[in-house]
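Open the model in your viewer and set it to show the backbone. The stops below say what to select and what is there.

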Amino acid sequence: MKPVKVGLLGLGTVGTGVVRIVEGNQEDLSSQVGSPILIERIAVNNSNKLRDIEVDPAKITTDPWDVIRDPEIDVIVEVMGGIDGTKEYILEALDRGKHVVTANKDLMALHGSEILAKAQEKQCDVFYEASVAGGIPIIRTLIEGFSSDKIMKIIGIVNGTTNYILTKMSQEGASYNDVLKEAQDLGYAEADPTSDVEGLDAARKMAILGTLGFRTNVELHDVSVSGISEVSKADIAFAKRLGYEIKLLGIAERQDEEFSISVQPTLIRASHPLASVNGVFNAVYVYGEAVGETMFYGAGAGAMPTATSVVADLVAIIKNLKLGVNGLKQKVPYKQKKLKSDEDIFYKNFLLLHVDDKAGVLAKITQVFAEYDVSLDSVVQQANANNPDAEIIIVTHNASKASMNKVLRHFKELKVIHRIKSHYRVEG
């Protein structure tokens with residue numbers, strides 16, 4: 001049978017994993033698709049770099065255009081990263097009738113709609129399972145598994161670095177800075193961890209999941225984002241006392257065709273399945289109108305889990321190629337985007353306030369909540385031997401984001417409140 005020829009852009013950790021799987025599992029893969037799969041050309045930055053995998057030097061090039069413009073290549077697998085230049089490679093590949101697999105979350109979050117529209121125009125496949133949650137097959141599940149259902153809510157732990165940090169802080173009582181350094185030493189966090197710890201990486205992934213789940217074009221600026229750099233040991237301890245864990249959650253939810261998406265540190269009930277997702281693992285919790293609640297759990301990053309998703313996409317493309325249905329399953333957002341206003345976004349809130357330690361303070365605080373129609377679920381006031389202020393811990397009932405913003409602004413003007421130490425969403 002005529003082999004399917006693949007061009008690989010990038011031979012880093014994921015690219016190396018792709019080569020290992022394709023070459024090591026050739027018999028199984030060939031039996032699935034009905035022909036051999038050959039990695040024909042590979043674009044790298046440095047052809048002289050020592051690698052822990054043997055590759056025919058004749059297949060190596062330092063110019064990605066050599067791969068894109070090779071008429072023998074049927075499918076482009078992009079695992080090199082980058083945005084603007086990489087987008088041009090992919091669009092050119094599609095113009096030439098080549099199908100594409102990419103693991104590039106940044107590219108798909110920013111330019112996914114344009115790329116998918118081009119794929120539809122050229123009747124090509126663009127699959128990108130590995131761009132979100134590594135080895136978890138969540139994208140294919142949203143497209144195919146939920147094709148007959150209406151997704152109402154997606155909650156995701158989609159960044160392993162932040163989940164590792166919060167897990168260590170929770171289980172060992174370690175400080176944020178100490179665990180961050182440990183994560184960097186172990187290779188879980190970059191030297192510049194901003195994208196992870198400030199929620200930007202998770203926001204890109206949630207934009208992709210929101211686009212697929214709600215069938216509308218969710219852009220990165222539609223996602224409200226805050227990170228974990230201000231989460232303290234005290235916050236986690238207080239959360240535990242109330243029966244919660246703190247996780248960096250991506251939350252996408254819709255009602256009456258309007259939706260909101262956020263990434264933020266969130267208190268989640270300890271009994272919720274997501275609360276027990278620890279370390280570098282990822283999980284995505286999906287609420288379907290018909291199916292109810294489902295959860296998908298697994299390795300969210302790493303060479304082989306990510307490469308497994310890439311090769312699964314490659315197999316899917318080749319099966320479509322054999323059936324002559326490439327491009328027919330491409331999902332392009334078709335619904336009008338309708339974002340919820342702050343008045344229509346409701347959730348519970350956790351607040352930790354440092355206040356004057358004297359009579360009447362709590363009454364003034366509860367009066368502010370009442371003024372903006374925010375009801376309270378629980379209030380705990382305590383002294384702190386290490387702090388001359390009293391500490392008040394408050395959990396509200398569901399309140400609109402707009403009302404809570406008014407409460408917070410008012411608190412900043414209230415002299416009895418010295419500091420709004422912490423404010424988190426409460427889920428579950």
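## Two pockets and a helix between neighbours

Begin with the lining of the second largest pocket, whose residues divide into 14 nonpolar, 12 polar and 11 charged. Keep in mind throughout that this is a predicted model.

To find the middle of this second largest pocket, select V225, S226, Q264, P265 and H423, which lie nearest its centre among 37 lining residues. Its volume is about 670 Å³. Now colour the elements that each supply at least two residues of this lining: strands β8 (223-225), β10 (258-269), β13 (346-355) and β17 (417-427), together with helix α14 (401-413).

Next, go to the largest pocket, with a volume of about 1,200 Å³. Select T13, V14, K105, E190 and A301; of the 48 residues in the lining, these lie nearest the centre. Which elements give two or more residues to the lining of the largest pocket? They are α1 (13-24), α5, α7 (160-172), α9 (194-197), α10 and α12 (303-323). The helix that gives the most is α1, with 3 residues. Sorted by class, the lining of the largest pocket has 19 nonpolar, 19 polar and 10 charged residues.

Two of those elements, α5 and α10, make the next stop. Select α10 (residues 200-214) and α5; their axes come within 9 Å and cross at roughly 55 degrees. The two helices are therefore oblique to each other. The crossing of α5 past α10 is left-handed. Show side chains for K105, D106, M108 and A109 in α5, which meet D201, R204, K205 and I208 in α10. This contact has 3 nonpolar and 5 charged residues, and no polar ones. K105 has come up before, as one of the residues nearest the centre of the largest pocket.

Keep α5 (residues 105-122) selected and add α4 (residues 84-95). What is the angle at which α4 and α5 pack? It is about 10 degrees, and the axes are 10 Å apart. Angles under 35 degrees count as roughly parallel, so α4 and α5 are roughly parallel to each other.

For the contact itself, show D84, T86, K87, I90, L91, L94 and D95 on α4. On α5, show L107, H111, E114, I115, K118, A119 and K122. By class, the contact of α4 with α5 has 6 nonpolar, 2 polar and 6 charged residues.

To finish, display α4, α5 and α10 together. From this view, compare the roughly parallel pair, α4 and α5, with the oblique pair, α5 and α10.

Methods. Residues numbered from 1 in each chain as written. Predicted model: local features only at pLDDT ≥ 70, side-chain atom pairs only at ≥ 80, totals over all residues. Heavy atoms only, no water. Axes fitted to C-alpha atoms, helices over the stretch in contact; angles between N-to-C directions. Helix = DSSP H or I, 4+ residues; strand = E, 2+ residues; numbered from the N terminus. Parallel < 35°, antiparallel > 145°, perpendicular 65-115°, else oblique. Contact = heavy atoms within 4.5 Å. Nonpolar A, V, L, I, M, F, W, Y, C, P; charged D, E, K, R; others polar. Left-handed = near helix turned anticlockwise from the far one by under 90°. 1 Å grid on protein atoms, 1.4 Å probe; cavity = no way out; pocket = protein on both sides within 12 Å on 5 of 7 lines; lining within 4 Å. Points joined across faces, edges and corners; volume = space filled by probe spheres on them.
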